[in-house]
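Trainee: I have a new model open and would like to go through it with you. Shall we take it one question at a time?

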Amino acid sequence: MKDAIVIGGGIAGLSAAWRLKHHDILLLESNDRVGGRIKSERRGQYWLNWGGHVYGGPNSATGELLRSVGIDALPVPGILSAMFMNGKLLVDGRVETYPFRVPMSWKSRFALMRAGAKVRTAVMKYEKKAKLRPGEGYKIQQQRVLDFMNDKTFTDFVGELPMDADAIFRPTVSRSTGDPEQIAAGAGIGYFHLIWNKSEGLSRNIVGGPSTLTETIAVALGNRLQLNAKVNEVFHKENSVVVRYIQDGIEHEEEARYVILATPAPITRRIAVDIESKVGEALDKIVYGPHVSAAFLTNETSPQVWDNLYSIATPKRSFDILIHNSNLNRSIETERQPGSSFMTFSPAQRGRELIDKSDDEIIKTYLKDLNEIFPGFSDYVVEAQVTRWPLGSAYIFPDRAKLQSTLLQPAGRLLLAGDYLGTLYTETAVQSGFNAAQEINSLLGTMPLESQKGKKFNAAN
C-alpha cells in the first residue's frame with residue numbers, strides 16, 4: 001500500500017508530490033507530459049510559452065517551491081501596461097492618461113474616466129483586504145479576498161459602457177476566462193490590482209521558461225511519476241483509498257492511505273465516485289472558460305519597439321493580451337541579440353471564437369492583428385504553434401465565495417488541490433498542493449507505529 005497517490009501532474013500535483021517525496025508515493029498523469037497549463041519549450045536562449053508566464057515572489061508558496069527545487073526566477077522586467085487600440089500603440093505614460101491618448105469618442109472617454117475612477121478606488125480597498133495579516137494562514141486570507149464584492153458581476157459594478165470604454169476593460173478582466181458579465185466584481189478588481197502592483201503578487205519570470213520547474217520536479221520523482229495513466233475511478237475502503245487507472249491499454253489498481261486529487265473540478269467530480277455529496281455539489285458549480293494561445297519565434301536582427309515591453313493589452317483584437325517572453329533576455333543581455341519570443345493569449349469569448357478553428361486559421365488570424373500592432377511582424381516569424389485549453393481557468397463568479405469552506409473541508413481520505421480553490425492561478429495551485437501534502441505528512445507522522453509496520457520505501461524508486 002502506498003502512503004499517498006497524487007492524481008494530476010499539473011503544478012498543484014507536482015507541488016504536493018514534491019512535499020511528499022520522502023514517502024512512498026505515486027503521481028499519476030493522464031497526458032504524456034507534466035505541467036498542465038504550464039507549457040514551454042526551449043529554443044536556444046529563448047523559450048516558446050503557451051501557458052502560465054508569471055509566478056509568485058520570494059515570500060510566496062511558489063517562491064518556496066522554486067528555492068527548494070533549485071530553479072531561478074527574476075522580477076518581470078519592462079513595461080506591463082502597454083496597450084494597442086484603434087490603431088494607436090501606447091508604451092509609456094500613466095494608464096490614467098490613456099482615455100485622452102487613444103482615439104475614441106468623447107462619450108467613451110468620459111465613461112471610461114468615470115469607470116476608471118471607480119476601479120481605482122476599489123483597487124485600493126482590495127489591496128487592504130488582500131494583504132496577509134500577522135498570524136493568519138492563507139485560507140483565511142483567501143476567504144476574505146473571495147468575499148470582497150462577490151455579490152455582483154464586474155459589469156454590474158462599472159455599469160453599461162460605450163463600446164470603446166468597455167473594450168479597454170475586457171483584456172484585464174477576462175484573463176481568468178470569464179467575461180465581465182460573468183466574473184465577480186471583486187475578482188475583476190483583483191486583476192487590476194495584479195497589474196498595477198508590479199512588485200507584489202505574480203511578479204517573476206522563471207529563467208529558461210516555466211517548464212524548467214515542472215520538468216525538474218518530474219525528473220526528481222523518477223518512476224514514482226507515471227505518464228499516460230488515465231484514472232477512471234477513486235473510492236474509499238475502510239482504511240484506504242483505491243485508485244483504478246489505465247496505462248498503455250492495461251488496467252491497474254493501486255491502494256493508498258490517502259489520495260490528493262489535483263485535477264480540474266469536473267474531472268475530480270467524475271473520478272471521485274464516493275466523494276461527500278456537499279463537496280460534489282460544490283465541485284459541480286465551479287465554472288471554467290477556455291484558453292487559446294500561440295507562441296511565435298522571430299529572427300529580427302535589429303532593435304525593435306517591443307524590446308522593453310512585457311505585456312500589451314489588445315482590446316478588440318483576436319487575443320486579449322500579447323506577452324513578450326524574451327523581454328527577460330533583453331533586460332539582462334549586454335548587446336541586443338537576434339530574435340524574440342511572444343505569446344498571444346485568447347481567454348473567455350475570444351477563446352470560444354477560436355478554439356474550434358484549425359491551427360492555420362488561428363495563426364493567420366493572430367498574424368493579421370500582430371502586423372497591425374507591429375507592421376511587418378510576420379516577415380520575422382520563423383515558428384508559430386497553437387495550443388488549446390478547453391478547461392482553461394476556473395473564474396470567480398458572484399456567490400463563488402460561499403463554496404470555499406465546503407471545498408476545503410475534509411473529504412474522507414481525499415484531499416483537493418488546484419488553482420480553482422482560489423484567486424491567484426499558479427500560486428493558489430502551489431499553495432493548495434503544499435497544504436494537501438502537509439496534511440498527509442501530519443497524518444502519516446502521527447500514525448500508530450503498528451500501522452507503519454511493513455512500509456517499504458526506496459529513495460531510488
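Trainee: Which residue meets Glu41 in a salt bridge?

Mentor: Happy to start there, with a word on the model. This is a predicted model, in which local features need pLDDT of at least 70 and side-chain atom pairs count only at pLDDT 80 or more, while totals for chains, interfaces and linings use all residues. Residues are numbered from 1 along each chain as its sequence is written, and side-chain values use heavy atoms, with hydrogens and water left out. A salt bridge needs a side-chain nitrogen of Lys or Arg within 4 Å of a carboxyl oxygen of Asp or Glu; at 3.0 Å, N to O, the partner of Glu41 is Arg43.

Trainee: Is Asp369 buried or exposed?

Mentor: Buried means under 20% relative accessible area, exposed over 50%, and partly exposed in between (1.4 Å probe, protein chains only). Asp369 has 7% relative accessibility, so Asp369 is buried.

Trainee: Which residue forms a salt bridge with Asp369, and where does that partner lie?

Mentor: Helices (H or I, at least four residues) and strands (E, at least two) are DSSP runs, numbered from the N terminus. The closest N and O atoms of the pair are 3.1 Å apart. Asp369 sits in helix α14 (residues 359–373), and the partner, 52 residues away, is in the loop between β15 (311–313) and β16. With a relative accessible area of 15%, the partner is buried too: Arg317.

Trainee: How do α7 and α8 pack, roughly parallel or roughly perpendicular?

Mentor: Axes are lines fitted to C-alpha atoms, for helices over the stretch in contact, and angles run from 0 to 180 degrees between N-to-C directions. Here the axes are 9 Å apart, at an angle of about 80°. Angles under 35 degrees count as roughly parallel, over 145 as roughly antiparallel, 65 to 115 as roughly perpendicular and the rest as oblique. The two helices α7 and α8 are therefore roughly perpendicular.

Trainee: Which residues in α8 are met by Phe169, Thr172 and Val173 in α7?

Mentor: Contact means heavy atoms within 4.5 Å. On the α8 side, the residues are Gly188, Tyr191, Phe192 and Ile195.

Trainee: Which element gives the most to the largest nonpolar core?

Mentor: A nonpolar core is a set of buried Ala, Val, Leu, Ile, Met, Phe, Trp, Tyr and Cys residues joined through side-chain atoms within 4.5 Å. The largest has 46 residues, and Val119 and Phe169 are among those that touch the most other members. Elements giving two or more residues include α7 (163–173) and α8 (185–196). With eight residues, the top contributor is α4.
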